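Visitor: Hey, can you walk me through this one? I'd like to ask things as they come to mind.

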Amino acid sequence: MDTITFEQFRATGGVGDWQADGDAVRARFATGEFATGARLFATIAELAEAANHHPDVEVTYPAVTVRLTSHDAGGLTAKDADLAAAISRAARELGVDAAG
């Protein structure tokens, strides 16, 4: 799988919540409470399984932080962009905003 640049990643629709993080991208979603974070994590897990692409996810009391990269490709790929857009969409559907 071919890697893409961060600029190519950003050209994908629906990834405005995501920031460059080395050879990966990262987004933090302000859930405000643990139960909402758990629901968002469950949705991320379903999306990841369906895509066969698994992000690093940290669930804390006020937020969920997600980091995406394609380890086998050594950087970002279209798979990361697609999953990032799906995660951001899922967060919005749960009423969760990105938090810088």
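**Chatting through the helices and loops**

Guide: Sure, let's begin with A42: its relative accessibility is 37%, so A42 counts as partly exposed. Keep in mind that this is a predicted model.

Visitor: Where is A42 found?

Guide: A42 is in helix α2. Its C-alpha atom and that of T31 are separated by 13 Å, and the two residues are 11 apart along the chain.

Visitor: And A48, is that one buried or exposed?

Guide: A48 is buried, because its relative accessible area is 3% and buried means under 20%. A48 also has its place in α2, which covers residues 34–51.

Visitor: What is A48 in contact with, leaving aside its neighbours within four places in sequence?

Guide: Leaving those aside, A48 is in contact with H53, H54, P55 and L83. A48 and L83 are 35 residues apart along the chain, with 7.3 Å separating their C-alpha atoms.

Visitor: OK, helices now. How do people describe two packed helices?

Guide: They give the angle between the two axes and the distance between those axes. For α2 and α3, the angle is about 150° and the axes are 10 Å apart.

Visitor: Are α2 and α3 roughly parallel or roughly antiparallel?

Guide: They're roughly antiparallel to each other, because angles over 145 degrees count that way. The crossing of α2 past α3 is right-handed.

Visitor: Which residues make the contact?

Guide: On α2 you have L40, T43, I44, L47, A48 and A51, and on α3 there are K79, L83, A86, I87, A90 and A91. Sorted by class, that contact has 10 nonpolar residues, one polar and one charged.

Visitor: K79 is on that list, so tell me about it. How exposed is K79?

Guide: K79 is partly exposed, with a relative accessible area of 30%. You'll find K79 in helix α3. Not counting neighbours within four places in sequence, K79 is in contact with M1, A51, N52, H53 and S70.

Visitor: What lies 3.4 Å from a polar atom of the K79 side chain?

Guide: That's the backbone oxygen of N52. N52 has its place in the loop between α2 and β3, the strand at 56–59. N52 is exposed, at 55% relative accessible area.

Visitor: What's the phi of N52?

Guide: It's positive, about 50°, although N52 is not a glycine. Most residues other than glycine have a negative phi.

Visitor: Changing topic: where does S88 lie?

Guide: S88 lies in helix α3. It's buried, with a relative accessible area of 0%. The side chains of S88 and D17 are joined by a polar contact of 2.9 Å.

Visitor: Which residues does S88 touch, not counting those up to four places away in sequence?

Guide: S88 touches G14, D17, W18 and F29.

Visitor: Last one: where is T77 found?

Guide: T77 is in the loop between β4 (63–68) and α3 (78–93). T77 counts as buried because its relative accessibility is 0%.

Visitor: Which side chain makes a polar contact with the side chain of T77?

Guide: The side chain of S70 does, at 2.7 Å. Beyond its neighbours within four places in sequence, T77 is in contact with M1, D2, T3, I4 and S70.

Methods:
Residues are numbered from 1 along each chain as its sequence is written. This is a predicted model: local features need pLDDT of at least 70, side-chain atom pairs count only at pLDDT 80 or more; totals for chains, interfaces and linings use all residues. Side-chain values use heavy atoms; hydrogens and water are left out. Helices (H or I, at least four residues) and strands (E, at least two) are DSSP runs, numbered from the N terminus. Buried means under 20% relative accessible area, exposed over 50%, partly exposed in between (1.4 Å probe, protein chains only). A polar contact is a pair of N or O atoms within 3.5 Å; within protein, one must be able to donate a hydrogen and the other to accept it, and residues adjacent in sequence count only if both atoms are side-chain atoms. Contact means heavy atoms within 4.5 Å. Axes are lines fitted to C-alpha atoms, for helices over the stretch in contact, and angles run from 0 to 180 degrees between N-to-C directions. Angles under 35 degrees count as roughly parallel, over 145 as roughly antiparallel, 65 to 115 as roughly perpendicular and the rest as oblique. A crossing is left-handed if the near helix is turned anticlockwise from the far one by less than a right angle, and right-handed if clockwise. Ala, Val, Leu, Ile, Met, Phe, Trp, Tyr, Cys and Pro count as nonpolar, Asp, Glu, Lys and Arg as charged, and the others, Gly among them, as polar.
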